[in-house]
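Welcome, and please open the model in your viewer. We will go from stop to stop, with a selection to make at each one.

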Amino acid sequence: MLMQTVKNLLLEQNLDGLKALLREAKVEAVAQCLRELSPREQALLFRLLDKERALQVFESLARSEQSDLVRAMDDPDLIRLVESMEPDERVALFEELPAKVAKRVLLEVNPEVRQSMSLLLGYPEGSAGRVMNPNYLALSADTPAHEALQRLRESPLDPEHLEMVLVLGEGRQYLGYVTATQLLKAPPGAPLRMLVSDAPAAVSAYDNQDKVAEMFLRRQYPLIAVVDMEGRLVGAIDAERGLELVEESEAQRLTVFGGTVAVGGPDVDIVQSPLARVFKARIFWLIVLTFFGVVTSTFVAEQEELLSRAIVLAAFIAPIIDMGGNTGSQSATLVIRAMALGQVRLRLRDFLFILKRDVPVALAMGIAISVLEVVLAYFSKGVGSDVLLVVGLAMLTVTIVGSLIGVGLPFAARRLGFDPATLSGPVITSVMDLAGVMIYFGYAYWFLSDLIKQ
């Protein structure tokens, strides 16, 4: 009776009705249905079971039947079916797989399909669960140190995956890790639970991959455990994959720094993102900066009297304000990189340290650039010494101010709770456009006041 109803609901693709039916059916009856269905139908039926029932059904199957069921889950048609669902519908239908089943899936499916299989495991896009793998050694907390060392020697895993042994309690509860060095120095009979590190080095399968990248950056773990919602071990992320996540995260931060953040949406990929999304991401910053540019142009327009008496001043506006934006972007990029690598933190001591290092560099750059600008201006435009003085001082000041603003803005953003990368290059450039013209014309009014009085 149950089998016929299941087949009818599968034929009708009534997954909601099928899930409700399975919720009331006995474990033995569900297991028998699995045995009589095709591999694709087996996998779909099993994924509709709630987490507790799924574990009971899985454990009632013979080991060969368990393997057949796991291998059935990488059926391309089933994966396409799940991918075609709306995210909300998928979440409502498919719960997280039990840790024991998730481990078998990771072990038995091909690495090439592991990423797409993560969808059937129940983990959202961009989560740690999507990038975990079975390349780890996990042992019971009661395992003595000498036996753990023997298991390390006998493990078929590569040495880089054996720098840490993950320690499990009852029901695959993740307790922490023990390093290979600890095992070598520990008393032979000491159980692993006595050696577990205080820092668990673990993330939830639902955590964002950026969190994983940050953990690898800050602590340089050789391995990070991945646990389910109940704290049970379901997989791990090795340092090689962690480094890839760090590189991806840094690429995203540079995208934001370049002024192409997708407001309210995913990151922009110029190769794969739809053109409409690329347009929206880029036009947002350009609109914001256009208003900023209007303020700058209004200020310049108000200097009409000075410019009419010394029109040559207009020729130097562009290089002066460009230099402020360029030096500011350089400094901000270096500070953001240092923050991302964990070299500096949000502390007054770190800020003063960076500032102390930047001031002499900014001063040296300012002197070099201002001298170069004065020399070029003299030979290319033949301007007088008073104008050269204004241009040289303005270039010197703007270069120094731009560099110092580029150092300070990332720290200010972090203090306010924002990602420093959102202080993108175009934003810093616009700030320095306004600051640059104010500095330039300030010097002009100071040293060329005689021209205005004439």
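## First stop: a loop residue

Select R172: at 16% relative accessibility, it counts as buried, since the cut-off for buried is under 20%. Keep in mind as you look around that this is a predicted model. R172 sits in the loop that links strand 2 (164-168) and strand 3 (174-179). Now look at its backbone. Most residues other than glycine have a negative phi. The phi of R172, however, is near 65°, a positive value in a residue that is not glycine.

## Second stop: the sheet of strands 1, 2 and 3

Stay with the strands on either side of that loop and add strand 1 to the selection. In what order do the three strands of this open sheet lie? The order is 1-2-3, and the pairing is mixed. Strand 1 (137-140) and strand 3 are at the edges; each has a single partner strand, so one side of each has no neighbour in the sheet. On average, neighbouring strands here are turned by 35° against each other, direction ignored.

Next, zoom in on strands 1 and 2. They run parallel and are joined by four bridges. To find one of the pairs, select S140, whose bridge partner in strand 2 is L168.

## Third stop: strand 2

Now select strand 2 alone. How many of its five residues are buried? Five of the five are, and the strand is mostly covered. In a regular strand the side chains alternate between the two faces of the sheet. Turn on the side chains to see which way they go: M164, L166 and L168 point one way, V165 and V167 point the other way, and all are buried.

Pick out V165, a residue of strand 2. Its relative accessible area is 0%, so V165 is buried. Show what surrounds it: leaving aside its neighbours within four places in sequence, V165 is in contact with L137, L139, L152, G176, Y177, V178, L183 and L192. Then draw a line from V165 to L223. These two are 58 residues apart in sequence, and their C-alpha atoms are 9.3 Å apart in space.

## Fourth stop: the sheet of strands 4, 5 and 6

L223 leads us on to strand 5 (residues 223-227). Select the open sheet of three strands to which it belongs, with the order 4-5-6 and mixed pairing. Which strands are at its edges? They are strand 4 (202-204) and strand 6 (233-238), and each pairs on one side only. Neighbouring strands of this sheet are turned by 30° against each other on average, direction ignored.

Strands 4 and 5 run parallel, with three bridges between them. Select A202 to see one of the pairs: its bridge partner in strand 5 is A225. Then add helix 13 (residues 209-219), which lies across strand 4, strand 5 and strand 6 and runs at about 150° to strand 5.

## Fifth stop: inside helix 19

Move along the chain to helix 19 (residues 385-415) and select G392, which lies in it. G392 is buried, with a relative accessible area of 10%. Leaving aside its neighbours within four places in sequence, G392 is in contact with S370 and V374. Another pair to mark is G392 and I369: they are 23 residues apart along the chain, and their C-alpha atoms are separated by 8.5 Å.

Further along helix 19 you will find S403. Is S403 buried or exposed? With a relative accessible area of 0%, S403 is buried. Its contacts, again leaving aside neighbours within four places in sequence, are T327, G328, S331, D358, A362 and M365.

## Last stop: a patch on the surface

To finish, select L363, a residue of helix 18 (residues 348-381). At a relative accessible area of 40%, L363 is partly exposed, because that value falls between the 20% limit for buried and the 50% limit for exposed. Now add I367, V371, V375, Y378 and F379 to the selection. Together with L363 they form a nonpolar patch on the surface, with about 610 Å² of accessible area in total. Switch to a surface view to see this patch.

Conventions. Residues are numbered from 1 along each chain as its sequence is written. This is a predicted model: local features need pLDDT of at least 70, side-chain atom pairs count only at pLDDT 80 or more; totals for chains, interfaces and linings use all residues. Side-chain values use heavy atoms; hydrogens and water are left out. Patches are made of residues with over 30% relative accessible area and no salt bridge: like charges are joined within 9 Å, nonpolar side chains (Val, Leu, Ile, Met, Phe, Trp, Tyr) within 5 Å. Accessible areas come from the Shrake-Rupley method with a 1.4 Å probe; for residues, only the protein chains shown count as cover. A salt bridge is a side-chain nitrogen of Lys or Arg within 4 Å of a carboxyl oxygen of Asp or Glu. Helices (H or I, at least four residues) and strands (E, at least two) are DSSP runs, numbered from the N terminus. Buried means under 20% relative accessible area, exposed over 50%, partly exposed in between (1.4 Å probe, protein chains only). Two strands pair if DSSP finds at least two bridges between them. Axes are lines fitted to C-alpha atoms, for helices over the stretch in contact, and angles run from 0 to 180 degrees between N-to-C directions. Contact means heavy atoms within 4.5 Å.
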